[in-house]
Amino acid sequence: MAVPARDASDGRPEDGRSADGRPAVRIASPTGKWILLATVLGSSMALLDSTVVNVALPTIGRDLNASLAALQWTVNGYMLSLAGLILLGGSLGDRFGRRKIFVLGVMWFAAASLLCGLAPNVGVLIAARVLQGVGGALLTPGSLAIIQASFHPDDRSRAIGLWSGFGGVGAAVGPFLGGWLVDGPGWRWVFLLNIPVALVCAPVALRHVPESMGAGFRAAGNRSGAGTGAGAGDKTGAQATPHRGFDVLGAVLGALSLALVTYALIEAKGGSPLVPVAAVAGVAAGVAFVYVERRRPDPMMPLDIFASRQFTAVNLVTLCVYAAFGGFFFLTALQLQVVAGYSALQAGTALLPTTVLMLLFSARSGELSQRIGPRIPLTVGPLLCAAGMLLMLRVGKDASYVADVLPALLVMGLGMVTLVAPLTATVLASVDTGRAGLASGINNAAARAAGLVAVAALPLLTGMGPEAYRSADAFDAAFRRAMPLCAGVLVVGAVLAFTTVRRPPPGCLRPECRRHGSLTAPPLEPQRSRGTLGTPGPRSAGPSSTDPAS
């Protein structure tokens with residue numbers, strides 16, 4: 001691999017040294033293996049909890065006497081804080097140290113998981129899920145950023161591939177493992193399992209993962225003699241732009257807007273007078289978020305990035321696609337158990353084909369889109385997914401897995417394989433090189449936000465009552481109304497892609513995470529150094545607050 005020249009705006013150690021001037025780590029070394037272990041374990045915790053809980057929902061509802069709205073909050077509480085704060089997570093790692101924030105996120109996540117596992121009622125469970133999402137927002141961007149900051153330039157692509165691949169395996173195992181735990185030790189172990197994982201991950205990270213910070217903070221450290229910045233021979237850090245502050249207000253307004261809109265959608269059927277107030281307040285918070293981001297000198301989400309029509313278009317496609325995915329996987333896990341009579345283990349196992357197909361063929365799909373352009377995959381993929389969702393209408397009482405469930409999930413999986421890798425590639429190709437991490441972080445957050453809004457809105461749109469999941473007939477009727485709605489949203493996404501997405505010019509950025517299996521959001525991509533197209537720099541896997549472009 002050719003090593004690009006050092007870029008002062010990024011602070012990336014292109015000379016084979018780590019971010020603080022130490023020799024960069026090689027994958028084959030013991031330290032390299034420990035770093036991969038820590039980052040894979042940490043990111044897998046957050047990835048598992050975004051999918052594994054769905055198969056436990058019916059059992060949680062029965063055990064805690066929860067309404068359908070409470071089950072929606074059990075899913076959305078986690079997604080809400082994760083989507084609202086993930087853009088800030090990478091910035092905190094840049095400022096205070098990526099290892100430090102990563103370990104904090106792991107332990108925070110474990111503490112919240114313990115609270116989930118011990119929850120005496122559904123209110124405590126929902127609150128603990130919100131706290132889990134905060135931990136996920138801290139550790140998720142940090143895991144990839146650590147890999148970028150630590151490994152030798154020649155090994156970074158392979159390290160990212162291993163991290164992404166093992167994470168995909170975790171995503172594939174998640175629903176199966178969740179079902180086994182629910183049918184065996186009980187649903188609480190879906191959460192308690194995170195504790196031993198964290199107790200392995202955190203000490204390994206503290207002992208073997210080198211600390212790193214953003215270039216601007218290393219520069220400030222060098223000037224102040226703090227000793228946490230780049231080494232004396234690293235002139236990159238000294239030339240970097242110092243950080244001006246955190247966009248905490250933007251993060252709070254964004255999360256508040258999502259929370260209020262979600263509340264209004266979930267509680268609308270209850271007729272509470274607070275619902276219209278929450279809806280108006282949510283829209284107002286969204287408007288305030290846009291105003292703040294437009295006026296701040298260092299916004300969390302610089303609005304000028306949407307000046308790229310391609311970037312705006314592909315994010316609209318993302319909203320459509322992942323709204324449909326979020327609603328589909330939430331309702332399908334319930335349909336298989338409540339209506340088809342599957343156990344939690346059977347339901348979790350039934351969902352494996354989609355993730356397995358993603359793991360096996362996502363890399364090849366990305367290569368195909370590089371040859372033919374993203375327009376066709378981003379049009380055909382959503383249409384295949386829509387067809388898969390319509391095939392799920394055959395799944396009713398006593399449905400056959402081979403004849404009814406499997407064909408629908410195979411078509412759904414093929415659609416996801418077709419569209420997810422080109423989606424990520426188009427996001428990266430639509431922005432300047434120095435904004436790759438920022439663009440990926442925005443796209444990832446948009447996907448998660450779309451999924452949580454769909455989970456909140458679909459029961460309202462399909463007329464599900466608070467006890468619908470306790471009645472096979474009632475839930476089946478609502479499910480049959482929901483699948484065409486999800487399919488329709490996917491068709492809208494396909495039309496958007498066909499009419500707005502264009503082939504990017506040659507030489508654009510290509511994704512580093514080529515093999516993945518996440519069903520809830522596209523894979524995060526690292527920040528790239530200006531002046532290089534192929535090798536990423538040691539930035540957080542989302543928008544970095546030290547990126548001069550932001």
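**Notes on the predicted model: α2, α13, the core and the rings**

1. Let's start with α2. Of its 8 residues, 6 are buried, so the helix is largely enclosed by the rest of the structure. Bear in mind throughout that this is a predicted model. The buried set in α2 is L57, P58, T59, I60, G61 and L64. The cover over them includes α3, α5 (122-150), α6 (153-183), α7 (188-192) and α13. Right after the helix comes N65, with a positive phi near 50 degrees.

2. T59 is worth a click while you're there. This threonine belongs to α2, which runs over residues 57-64. Its relative accessible area is 18%, and because the cut-off for buried is under 20%, T59 counts as buried. Setting aside neighbours within four places in sequence, T59 has contacts with V182 and W187.

3. On to α13, which spans residues 309-339. From first C-alpha to last, its 31 residues reach 44 Å, close to the 45 Å expected at 1.5 Å a residue. As for its surroundings, 26 of those 31 residues are buried, so α13 is largely enclosed by the rest of the structure. After the helix, look at G341: its phi is positive, near 80 degrees.

4. Now the largest nonpolar core, which holds 136 residues. The members that touch the most others are F325, L331, M389, M416, F475 and M483. The top contributor to this core is α13, which gives 15 residues. M483 makes a handy viewpoint: leaving out neighbours within four places in sequence, its contacts are F328, L331, M389, M392 and L393. Two of these partners, L331 and M389, are themselves on the list of residues touching the most other core members.

5. Next, the aromatics. The model has 5 aromatic pairs. In one of them, Y78 and F109, the ring centres are 6.2 Å apart and the planes stand at 85 degrees, so this is an edge-to-face pair. Y78 comes from α3 (residues 68-96) and F109 from α4 (residues 98-118), so the pair ties together parts 31 residues apart in sequence. Both rings belong to buried residues: Y78 has a relative accessible area of 0%, and F109 is also at 0%.

6. A second pair, Y322 with F325, is edge-to-face too, with 5.2 Å between centres and 80 degrees between planes. Here the partners sit 3 residues apart in α13, which puts about one helical turn between them. Y322 is buried at 1% relative accessibility, and F325 is buried at 0%. F325 is also one of the core residues that touch the most other members, so you'll meet this phenylalanine whether you come from the ring pair or from the core.

7. Finally, two arginines over rings. The charged end of R95 sits over the ring of F96, 5.0 Å from the ring centre. R375 lies over the face of F498, and the distance to that ring centre is 4.2 Å.

8. If you only have a minute, what should you look at in α13? Try the edge-to-face pair of Y322 and F325, then the 15 residues that α13 gives to the largest nonpolar core. After that, go back to α2 and pick out α13 among the elements covering its buried residues.

Definitions and conventions
Residues are numbered from 1 along each chain as its sequence is written. This is a predicted model: local features need pLDDT of at least 70, side-chain atom pairs count only at pLDDT 80 or more; totals for chains, interfaces and linings use all residues. Side-chain values use heavy atoms; hydrogens and water are left out. Helices (H or I, at least four residues) and strands (E, at least two) are DSSP runs, numbered from the N terminus. Buried means under 20% relative accessible area, exposed over 50%, partly exposed in between (1.4 Å probe, protein chains only). Contact means heavy atoms within 4.5 Å. Rings of Phe, Tyr and Trp (its six-membered ring) pair if their centres lie within 6.5 Å; planes under 30 degrees apart count as stacked, over 60 as edge-to-face and the rest as tilted. A charge sits over a ring if NZ of Lys or CZ of Arg is within 6 Å of the ring centre and within 35 degrees of the ring normal. The expected span of a helix is 1.5 Å times one less than its number of residues. A nonpolar core is a set of buried Ala, Val, Leu, Ile, Met, Phe, Trp, Tyr and Cys residues joined through side-chain atoms within 4.5 Å.
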